[in-house]
Amino acid sequence: MKSIKTWILVGFASLLLVACGQGGGGAGSKKSKTLDNTKKAGFVKCGVSQGLPGFSNADASGNWSGIDVDVCRAVAAAVLGDADKVKYTPLSAKERFTALTSGEIDVLARNTTWTLSRDADIGLTFVGVNFYDGQGFMVRKNSGINSVNDFKNGISACTNTGTTTELNMRDFFNSKNIKYEPIAFEKADEVVQAYDAGRCDTYTTDKSGLAAQRTKMSNPDEHKVLPETISKEPLGPVVRQGDAVWEDIVRWSLNTMIEAEEYGVNSSNASSLKDSDNPAIKRLVGAEGELGAAFGLDNDWSLRIIEQVGNYGESYKKHIADTGILPNRGPNQLWTKGGILYVPPAR
Amino acid sequence: MNLKKLNIENKKVRDLIPQAITILALLSVIIYFATNAQINMGNRGISFGFGFLNQEASFDITFSMIEYDGSHSYGRAFLVGLLNTILVSVIGIFFATIAGVIVGVSRLSENYLIAKVAEWYVEIFRNIPLILQIFFWYFAALRALPLPENGISFNDISFLTIKGWYVPKFIWTNFNIFLLSIIAAIIAIYFIKSYATKQREQFGKQLPTISLSILTLILLPLIGFLFFGVSLNFEYPVLKQLSPTVYTYAGGVSIIPELIALALALSMYTATFIAENVRAGILGVNKGQKEAAASIGLTKNQILKLVVMPQALRIIIPPTTNQYLNLTKNSSLAAAIAYPDIVLVFAGTALMQTGRAIEIISITMLTYLTLSISISIFMNWYNKKMAIKEK
């Protein structure tokens, strides 16, 4: 009899647990749950790459830097008042979306290409573009290959698995009617090693990535990037679908950095521009309007971003240009200077 | 209805209650997780379904045993990955077993050098994590191989290079007849064996079964070649220049280095455990058995074949089954070196392109479960066959 009682108790206990648990998974409220949770935790949960120089890369003491990292820093400056209050989670290409949808991270700033199926199908929302990229090919300088038109049947190409690169590569070789051998690795470091060893004749990924990975080769000068670009790769930060307020905060944190560059506001002059004559600048530094209130933030949110993180131009120069990855800004120049960076006005 | 049977005082009914409650609790937990996942996925705008399996995969795979390119479906890509997993597992199990038996027997050798080499092999390879061994074979050992233009040539018909091992391709005519002759040979061998057993049991005659079997296996296909138009030609790999310094081989079959490295690492690693099982099995046979066999005048080979091995196998098979299962599951480390197994192709690329984590991971887990259970069932059958039969 005793054992029956125990069993009944166990049964009831588990039923009770199930009943309680049901409440936890309920629908989200109208307010921004992510914003509340971030304020409560005291840091922004940010997903980054496993190490891509210029975009998100950790130094020897574990400090992250790069233009992707700066997006997370901008969000932290806006929401928490301190750009350093970010917790970084390095993610592989495969893990990144699951980490975001499951709530392990709240912002994904990991050189991620904005595509229709990613945006619409798997519960994600892209908030903007912080780097316009395109896929290219790297070959050995002595190979005699000077253009993608020199590729012939039987060429082997290394790349990362689980990326748009893999799909573009197929489209490209199919359109040229070239039979190729695709070799897809999970980690970028392994792609570099295999290509460097001669396992494959060409290495294909986003051109910014090629430029960054070239620095990791045993002899970077032996390799070159072919001039052709075979795809559009707009890279940008991503958030979970369903929290419109959080989505807006991340979108406008990025937009603020770009708009600040457009109006010549940077980290050193921002606070002195509070009494500028230009109303657009005054709005950017929080001296006019009540823009922060729309997301439940104070009015200095954008000033903090510019002061602590800098404008887009400063970020690009520091992480991409001065490190020698891509000194030329190309399409990532402001629309007023011949590029395609154009953000809606902050007003 | 007999009321007495449903009475709580009835012991059978009483015994059933805790079991029913356990099942109920288990079901509730499963239902809880399922509904929870459903609600959360609903909140985040993620749909659930297996329709994606029919969509075009639009990514290519390095190595496939069936016809595949990006225009095929995700379902087909799954099949490619599954077959690649099975291929590397079968190769791995085959070589691990051979190496394991050789090393296991060598460890018991009376020759000091052989025994010590075997011991060192076991101690080194079983104590290094498998993933490191895979990296070693792929990045360190294979990296030392030459580029195609300097490939290591085997008689100019096969070439070993950093891009893979290029071997001649078999081109058959009337392959069906060849296949039939092999099947016929296997059936014939079965009859030879049962006839030999009868002869031995009834008249005590020993027939040379093995020689007869080999003879049949050669003779029947030979008849096919001579009289039924079966023929075999080879397509040899030929060096091809792609650019001033880039070469590859055209024609023939390319065994990709990823497969070589993975199969090597898996079989070298698992062989150590099998070797220990073999050693334990042989040592586990009572010494008296061997002495008794020797006293009735059996030769050394007969003792091993008729007395020691049948008993040792009973000890060896169950733990070796575990090793076969481990090897199959360990093959999932393939993703690290770009061998397109089910984890890399399906739980990797396909998952990324479709974002259907729950569906794809459950399919992959079920697949491994099915593979493992199939191996278990086969090995349990073999184990029963080898077990002591009371007559």
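Two strands are taken to pair if DSSP finds at least two bridges between them. In the predicted model described here, strand E9 of chain A and strand E11 (residues 202-206) of chain A satisfy this condition, pairing in the parallel sense over two bridges. Within this pairing, Tyr203(A) in E11(A) is the bridge partner of Cys158(A). Strand E9(A) is also joined to strand E10 (residues 180-185) of chain A, in this case by six bridges, and these two strands likewise run parallel. Here Ile155(A) stands opposite Tyr180(A) of E10(A). The connection between E9(A) and E10(A) involves helix H6 (residues 164-175) of chain A, and the three elements make a right-handed β-α-β unit.

The surroundings of strand E9(A) were examined next. The strand spans residues 155-160 of chain A, and six of its six residues are buried, so it is largely enclosed by the rest of the structure. In a regular strand the side chains alternate between the two faces of the sheet. For E9(A), one side carries Ile155(A), Ala157(A) and Thr159(A), while the other carries Ser156(A), Cys158(A) and Asn160(A). These residues are all buried, and both faces of the strand are therefore covered.

Chain A as a whole contains twelve helices and 14 strands. Its C-alpha atoms fill a box of roughly 80 × 75 × 40 Å along the principal axes. Of the 347 residues in chain A, 49% are buried. When contacts between residues at least 6 apart in the sequence of chain A are considered, 74% join residues at least 24 apart.

The domain assignment of chain A gives two segments, 33-132 and 235-322, to domain 1, and residues 135-231 to domain 2. The centres of these two domains of chain A, taken over C-alpha atoms, are separated by 31 Å. Eleven residues from domain 1 of chain A and twelve residues from domain 2 of chain A take part in the contact between them. On the side of domain 1 of chain A that touches domain 2 of chain A, four residues are nonpolar, six are polar and one is charged.

A further element of chain A, helix H11 (residues 301-308), is mostly covered, with six of its eight residues buried. The buried residues of H11(A) are Trp301(A), Ser302(A), Leu303(A), Arg304(A), Ile305(A) and Ile306(A). They pack against three helices of chain A, namely H3 (67-80), H9 (244-262) and H10 (279-284). Gly310(A), which follows H11(A), has a positive phi, near 100°.

Chain B has a mean pLDDT of 88, and 97% of its residues reach 70 or more. Confidence in chain B is highest in helix H4 (residues 112-126) of chain B, at a mean of 95, and lowest in helix H1 (residues 3-6) of chain B, at 60. Where pLDDT is low, the predicted coordinates should not be read in detail.

Chain B is also divided into two domains: domain 1 comprises 74-159 and 253-386, and domain 2 comprises 169-235. The centres of domain 1 of chain B and domain 2 of chain B lie 29 Å apart, taken over C-alpha atoms. One residue of chain B considered individually is Ile303(B), located in helix H10 (residues 300-330) of chain B. With 18 other C-beta atoms within 10 Å, Ile303(B) is partly exposed, because a count of 20 or more is required for a residue to be buried and 12 or fewer for it to be exposed. Apart from neighbours within four places in sequence, Ile303(B) is in contact with Lys290(B), Ala293(B), Ala294(B), Leu298(B) and Val308(B). The C-alpha atoms of Ile303(B) and Glu291(B), residues that are twelve apart along the chain, are separated by 9.3 Å.

For the complex, the predictor gives an ipTM of 0.76 and a pTM of 0.78. The contact between the chains takes 49 residues from chain A and 45 residues from chain B. On the side of chain B that touches chain A, the elements giving two or more residues are helix H2 (11-43), strand E7 (247-250) and helix H11 (342-354) of chain B. The largest share of that side, 13 residues, comes from H2(B). By class, the residues of chain B on the side that touches chain A comprise 25 nonpolar, 14 polar and six charged.

How values were computed
Residues numbered from 1 in each chain as written. Chains lettered and ligands numbered in written order. pLDDT = per-residue confidence, 0-100. Helix = DSSP H or I, 4+ residues; strand = E, 2+ residues; numbered from the N terminus. Contact = placed C-beta atoms within 7 Å. Nonpolar A, V, L, I, M, F, W, Y, C, P; charged D, E, K, R; others polar. Domains from an automatic or database assignment. Right-handed = clockwise from strand over helix to strand, strands pointing away.
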